[in-house]
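Hi everyone, thanks for making time. Let's look at some strand pairing and then at an internal cavity.

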Amino acid sequence: MAMNTFLIIIIIALVAEYLLGIVSSLLNLSALKPEPPEGLQDIYEPEQYKKSQQYTRDNTGYDIVTSSFDLAVLVTFWFFGGFNQMDLLVRGWELPEIVTGIMYIGILGLVYTVLTLPFGAYHTFVIEAAFGFNKTTLSTFVMDRLKGLALAIVLGAPIIGLIIGFFEYAGGFAWLYAWVALTVVTVFVQFVAPTWIMPMFNKFTPLGQGELRDAIFEYANSVDFKIDNIFVVDGSKRSSKANAFFTGFGKNKRIALFDTLIENHTVPELVAVLAHEIGHYKKRHIIQGMVVSIIHTGVIFFLLSIFLESQGLFDAFFIDEKSVYTGLVFFGLLYTPIEVVLSVVMQAISRKHEYEADRWSVQTFGHPSELAQALRKLSKENLSNLAPHPFYVSLNYSHPPLLQRIQGIEREDARSTS
């Protein structure tokens, strides 16, 4: 009975998540209209507006196909005893338990990566290329995957081994030890990522002397934001899309501008965008996100410690012998419905933070029209959907849709000038 209960819960959760994605995608397509929404008519020329809608359709079709493939592969592998056969294979190598667990999870991850690699290549070299975005060469695409694999081995394998070791040998407080250890690693990675990890994938060049650098430093000083440098990211080697971001803490914090962003925006627009990014830091959004993530991890480890004791969870996946490492995989699937709900909540919090960062930019830089114009340009350059369905937004958008952001900027401007 326990086995059937776990099996039924997980199947229902996976299918429900899949159908939720399909329904939201179809609603998003149904929301596409022949004309842009009122207030955004000037963003696209008519032909480019049609192009943006086709881009939405193509990406939606891609998402539906990939999610269908993922579910079909998982269910097929599951019900043909793949999890148990893989376990028997790895156990046959007679390695230490922790190494066996690392190999088991690593092989599953590698197989999934190989199976989905053609989809990633199709999206990059067909869909993105068809709309003029792709700048990625085949060598860059391959090297990105190899670097990602190297990171998984160097960082992921020890973390998995640490977690397995705690739950295997540390007794009733294993979840607490694992939580503390992973928290330390997470914070450490946040500190070193800007200087050690990100440069593996992109070149970070200090912004040269000139009007833009002077304007950024003048603004940063006005809001007491200490920076040593601003970096230009060679985003153009992969895509024509533009972006800016802030990352890291303390002396390792970095403000980064994509070269594609600098190329297409004026100095006031760029400073307005950076003011938004600095707003995230000043409003402690990065710290808040990390704290929430740490709490979330603690809850996961606590629940994991409970379900690892349940034979029914392992029976649901037709496993001959219980183990911590297979329990990690199966619990991840059991946790699906909670993860879906939490994702919706986290997306809502993220959108709230974006509004707050916009307000910070308006209040401290004082050029709301420049921020709004920068957002309009970014939407145009990225062929953004100007009128996404609200349900789709709630599930998938970490940023508010353009119209809502501009309206928020205008409201803040009105308050500031009244």
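Strand S1 (residues 204-206) runs antiparallel to S2, and 3 bridges join them. Strands here are DSSP E runs of at least two residues, helices are H or I runs of at least four, and both are numbered from the N terminus. Two strands count as paired if DSSP finds at least two bridges between them. This is a predicted model, where local features need pLDDT of at least 70, side-chain atom pairs count only at pLDDT 80 or more, and totals for chains, interfaces and linings use all residues. Residues are numbered from 1 along each chain as its sequence is written, and side-chain values use heavy atoms, with hydrogens and water left out.

Now stay with S2. Thr205 has Val232 as its bridge partner there, and Val232 also stands opposite Leu257 in S4. S2 and S4 (residues 254-258) are parallel, with 4 bridges.

In a regular strand, side chains alternate between the two faces of the sheet. So what covers S2 (residues 230-233)? Both of its faces are covered: Ile230 and Val232 on one side, Phe231 and Val233 on the other, are all buried (under 20% relative accessible area, 1.4 Å probe, protein chains only).On to the cavity: the count is 1 of 30 Å³ or more. A cavity is a set of points, on a 1 Å grid over the protein atoms alone, where a 1.4 Å probe fits but cannot get out; lining residues have an atom within 4 Å of a point. Points are joined across faces, edges and corners, and the volume is the space filled by probe spheres set on them. The largest cavity holds about 30 Å³. H5 (138-169) and H6 (174-197) each supply at least two lining residues, and H6 gives the largest share, 4 residues. The lining includes Ile159, Leu162 and Val185.

Definitions and conventions
On a 1 Å grid over the protein atoms alone, a cavity is a set of points where a 1.4 Å probe fits but cannot get out, and a pocket is an open set with protein on both sides within 12 Å along at least five of seven lines; lining residues have an atom within 4 Å of a point. Buried means under 20% relative accessible area, exposed over 50%, partly exposed in between (1.4 Å probe, protein chains only).
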